Each structure stands twice: as C-alpha cells, then as structure tokens.
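Please look through the sequence and the model shown below before reading on. The report that follows goes through the model part by part.

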Amino acid sequence: VGAAACDATYDDNDLELLTHYRAKNLCSCLFVMERDKKWCAAYTLQDPNLATYTIDWDRREVRTQAMMFWGAKARFVDEHFGCEIVE
C-alpha cells in the first residue's frame, strides 16, 4: 500500500501538488479523523483556493481538480493505513 506515492514526482507543478495534497488530507480528515465536511473543507483550504473537490461517501473517496486539468483521487484504505492517493 502506498508504493506508488513513494515514486510520485511533481515536476515543479504547484497545481498538481495542490490537488494531491487536498485529496489526501481531505480524505484523511473525513474518514480517519471522522470530522464533518465543513470542518475538513476549512482545514484543507489553500490560498489561493484553486482546488475544487467531490466526495464519494459510499466509496470513501475524494477527488480534487484545479484549473480543469490537474486532479487527484484519494481513497480510504482502512483504520491502520488511512487514505492513499490513487490517481
């Protein structure tokens, strides 16, 4: 679990990093810390706020997107591993 994340490179792309950061941390906030959506949205907010998100509550996944091109997806694995970036 998480091996792909160890090999991730961002090529100095702040928008790619921003979407991955928000997907992973929003997923962790919601499904590991079990905080509510409003609190987690504020907790993971960046400035400027460029990453939008969608939450799939049934699959325990979070997708983020910035500028209609960069995006990421994180999913909850379990209580031990937490969330991982899968896209």
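## A term to begin with

A residue is called buried when its relative accessible area is under 20%, exposed when that value is over 50%, and partly exposed when it falls in between. With 0% relative accessibility, C27 is under the 20% cut-off and therefore counts as buried. The model in which this is seen is a predicted one, and the values in this report should be read with that in mind.

## Overall layout

The protein contains three helices and four strands, and along the sequence these elements follow the pattern α-α-α-β-β-β-β. Of its 87 residues, 34% count as buried.

## The strands and their hairpins

Strand 1, which covers residues 51-56, pairs with strand 2, which covers residues 61-66, and the two run in the antiparallel sense over six bridges. Within this pairing, Y53 has T64 of strand 2 as its bridge partner. Four residues lie between the two strands of this hairpin, and R60 takes a positive phi near 55° there.

Strand 2 is also joined to strand 3 (residues 70-78), again with six bridges and in an antiparallel arrangement; here R63 has K73 of strand 3 as its bridge partner. The hairpin formed by strand 2 and strand 3 has three residues between the strands, and M67 in the turn has a positive phi of about 55°.

Strand 3 then pairs with strand 4 in the antiparallel sense, this time over four bridges, and A74 stands opposite I85 in strand 4. Three residues make the connection in the hairpin that joins strand 3 to strand 4. As a general point for reading such pairings, side chains in a regular strand alternate between the two faces of the sheet.

## A polar contact from strand 4

Strand 4 also holds E84. Is E84 buried or exposed? Its relative accessibility is 13%, so E84 counts as buried. The side chain of E84 makes a polar contact, at 2.8 Å, with the side chain of R75.

## Two disulfides

How many disulfides does the protein have? The count comes to two, and when the bonded cysteines are counted along the chain, the disulfides follow the pattern 1-4, 2-3.

One of the disulfides is formed by C27 and C83, whose sulfur atoms are 2.1 Å apart. The torsion about the S-S bond of C27 and C83 is about -75°, and so this disulfide is left-handed. Because C27 lies in helix 2 (residues 14-31) while C83 lies in strand 4 (residues 82-85), the pair ties together parts that are 56 residues apart in sequence. C83 has a relative accessible area of 7% and is therefore buried, and C27, at 0% relative accessibility, counts as buried too.

C29 and C40 form a disulfide as well, with their sulfur atoms 2.0 Å apart, and this link is left-handed, with -85° about the S-S bond. Since C29 lies in helix 2 and C40 in helix 3 (residues 37-43), the pair ties together parts that are 11 residues apart in sequence. Both C29 and C40 are buried.

## A nonpolar patch and the loops

Which residues make the nonpolar surface patch of about 370 Å²? The patch is made by V32, M33, W39 and Y43. Of these patch residues, V32 lies in the loop between helix 2 and helix 3, and its relative accessible area of 41% makes V32 partly exposed.

Another loop residue to find in the model is H80, which lies between strand 3 and strand 4. H80 has 67% relative accessibility and so counts as exposed. Although H80 and V32 are 48 residues apart in sequence, their C-alpha atoms are 9.3 Å apart in space.

## Drawing the parts together

Helix 2 takes part in both disulfides described above, since C27 lies in helix 2 with its partner C83 in strand 4, and C29 lies in helix 2 with its partner C40 in helix 3. Strand 4, in turn, holds C83 and E84, and strand 4 pairs with strand 3 in the antiparallel sense.

Definitions and conventions:
Residues numbered from 1 in each chain as written. Predicted model: local features only at pLDDT ≥ 70, side-chain atom pairs only at ≥ 80, totals over all residues. Heavy atoms only, no water. Pairing = 2+ DSSP bridges. Disulfide = S-S within 2.5 Å. Buried < 20%, exposed > 50% of the residue type's maximum accessible area, 1.4 Å probe, protein only. Patch = residues over 30% accessible without salt bridge, like charges linked within 9 Å, V, L, I, M, F, W, Y side chains within 5 Å. Areas by Shrake-Rupley, 256 points an atom, 1.4 Å probe, with all protein chains shown as cover. Salt bridge = Lys/Arg side-chain N within 4 Å of Asp/Glu carboxyl O. Polar contact = N/O pair within 3.5 Å; in protein donor to acceptor, adjacent residues only side chain to side chain.
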